[in-house]
Amino acid sequence: MTMDGIDMLLHAPARLQIAALLAKVTEMEFAKLRELLKVSDSVLSKHLAALSDAGYVALRKAAEGGRQRTWASLTRAGTRALDRHVAALRAIVADLPAAAE
Amino acid sequence: MDPIEAQAALDSISAAQREFAARGPKYPLWRHVAFAAVMGAIVLSQGFGPPLQILLFVFAMAAVAWLVAEDRRRYGVFVSGYRKGRTLGVTLLMVVLLLAAMGAEIHARVNGLSLAVKWGIAGGAFVVALAASLLWTRIYDRELQNGAA
């Protein structure tokens with residue numbers, strides 16, 4: 001859902017930061033995201049699930065070193081949504097009417 | 001949303017990306033050298049006929065797979081060299097130069113040039129790949145430090 005380019009799913013600070021971090025990598029492991037965002041497993045899981053349900057994030061499980069690890073990546077839809085959201089934020093900061101998306 | 005709230009959101013993006021720059025991958029020199037050696041081996045493989053060509057190429061591909069797996073295990077992230085952004089120009093320039101080096105190796109093989117020439121071309125490819133790897137990482141780190149979403 002968007003309002004003047006503002007994506008309500010990315011409005012939550014943690015979800016915005018997750019998307020911004022994933023935009024800079026091809027894939028990031030769950031534990032690394034948790035370390036960078038300084039949130040609990042359950043909080044990160046909820047945010048990733050919300051982003052995944054919206055099609056913004058792809059989640060992949062892989063067995064490595066005898067442990068199951070979850071890898072997250074930003075989808076094309078997620079990249080477009082982040083770009084639109086950031087553009088809208090910049091438009092607001094510039095005290096301009098938010099770009100009609 | 002008011003401008004102060006929007007600025008805070010933009011600042012939170014920059015903060016997250018700077019945190020990643022500080023606590024993300026710190027590729028040691030051996031990692032850059034290993035990458036360059038693999039690229040050099042791929043180029044050198046074109047200077048020989050089978051079976052040496054195939055052996056070198058398979059070894060190089062296995063080494064690439066190992067480097068990627070090691071990056072994932074060590075840092076918890078994987079960043080493709082072909083990602084969009086300011087680093088893409090470095091990647092594309094390196095690919096063009098390495099393809100030219102492969103062409104030179106094939107020319108050396110077809111025309112029966114000496115082993116020294118083939119090693120010289122591969123050495124040049126090694127230097128190009130090492131410089132590209134170091135420059136790519138520097139540009140990527142700067143991009144993260146700048147916190148541009």
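1. A quick definition to start: helices here are DSSP runs of H or I with at least four residues, numbered from the N terminus. With that in hand, Leu29(B) can be placed in helix H2 (residues 29-45) of chain B. Please keep in mind throughout that this is a predicted model.

2. Let us stay with Leu29(B) for a moment. Is Leu29(B) buried or exposed? Its relative accessibility is 55%, and the cut-off for exposed is over 50%, so Leu29(B) counts as exposed. Leu29(B) and Leu130(B) are 101 residues apart along the chain, yet their C-alpha atoms are separated by 9.5 Å.

3. Now for an overview of chain A. You will find 5 helices and 5 strands in chain A. Reading along the sequence, their order is β-β-α-α-β-α-α-β-β-α. Along the principal axes, the C-alpha atoms of chain A fill a box of roughly 55 × 25 × 20 Å. Chain A has 101 residues, of which 47% count as buried. Take the contacts in chain A between residues at least 6 apart in sequence: 49% of them join residues at least 24 apart.

4. A good element to look at in chain A is helix H4, residues 41-53. This helix has 13 residues, and the distance from its first C-alpha to its last is 18 Å, close to the 18 Å expected at 1.5 Å a residue. Just after H4(A) comes Gly55(A), which takes a positive phi of about 80°.

5. Which residues of H4(A) are buried? They are Leu44(A), His47(A), Leu48(A) and Leu51(A). Looking down the axis of H4(A), you will see these buried residues fall within an arc of 100°, so they line one face of the helix. Lys46(A) and Asp53(A), on the other side of H4(A), are exposed. As for what covers the buried residues of H4(A), the list includes three helices of chain A, namely H1 (8-11), H2 (13-22) and H3 (30-37), together with strands E4 (57-64) and E5 (67-74).

6. Next, the place where the two chains meet. The size of an interface is often given as the accessible area lost when the parts come together. Chain A and chain B bury about 2400 Å² between them, and 63% of this area is on carbon and sulfur atoms. Chain A brings 24 residues to the contact, while chain B brings 29 residues.

7. The polar side of this interface is worth a look too. Between chain A and chain B the count is 4 salt bridges. The rule also finds 12 residue pairs in polar contact across the interface, with both residues at pLDDT 80 or more. On the side of chain A that touches chain B, the elements giving two or more residues are H2, strand E3 (27-29), H3 and helix H5 (76-93) of chain A. H5(A) gives the largest share of that side, 5 residues.

8. One salt bridge is a handy landmark: Glu27(A) pairs with Arg72(B), their closest N and O atoms being 2.5 Å apart. Why does this pair join two chains? Glu27(A) lies in strand E3 of chain A, whereas Arg72(B) lies in helix H3 (residues 52-75) of chain B, so the pair joins two chains. Both Glu27(A) and Arg72(B) are buried.

9. Over all chains, the count comes to 13 salt bridges. In helix H3 of chain B, Glu70(B) and Arg74(B) sit 4 residues apart, about one turn of the helix, and their side chains meet in a salt bridge (3.0 Å, N to O). The two partners differ in how they are classed: Glu70(B) has 12% relative accessibility and counts as buried, whereas Arg74(B), at 42%, counts as partly exposed.

10. Helix H1 (residues 3-23) of chain B holds Arg23(B) and Glu19(B), which are 4 residues apart and therefore separated by about one helical turn. Arg23(B) forms a salt bridge with Glu19(B), the closest N and O atoms being 3.0 Å apart. With 35% relative accessibility, Arg23(B) counts as partly exposed. Which residues are linked with Arg23(B) in a network of salt bridges? They are Lys32(A), Glu35(A), Lys38(A) and Glu19(B).

Conventions: Residues numbered from 1 in each chain as written. Chains lettered and ligands numbered in written order. Predicted model: local features only at pLDDT ≥ 70, side-chain atom pairs only at ≥ 80, totals over all residues. Heavy atoms only, no water. Expected span 1.5 Å × (residues − 1). Buried < 20%, exposed > 50% of the residue type's maximum accessible area, 1.4 Å probe, protein only. Arc of directions from axis to C-beta. Contact = heavy atoms within 4.5 Å. Buried area = accessible area lost by both parts, 1.4 Å probe. Polar contact = N/O pair within 3.5 Å; in protein donor to acceptor, adjacent residues only side chain to side chain.
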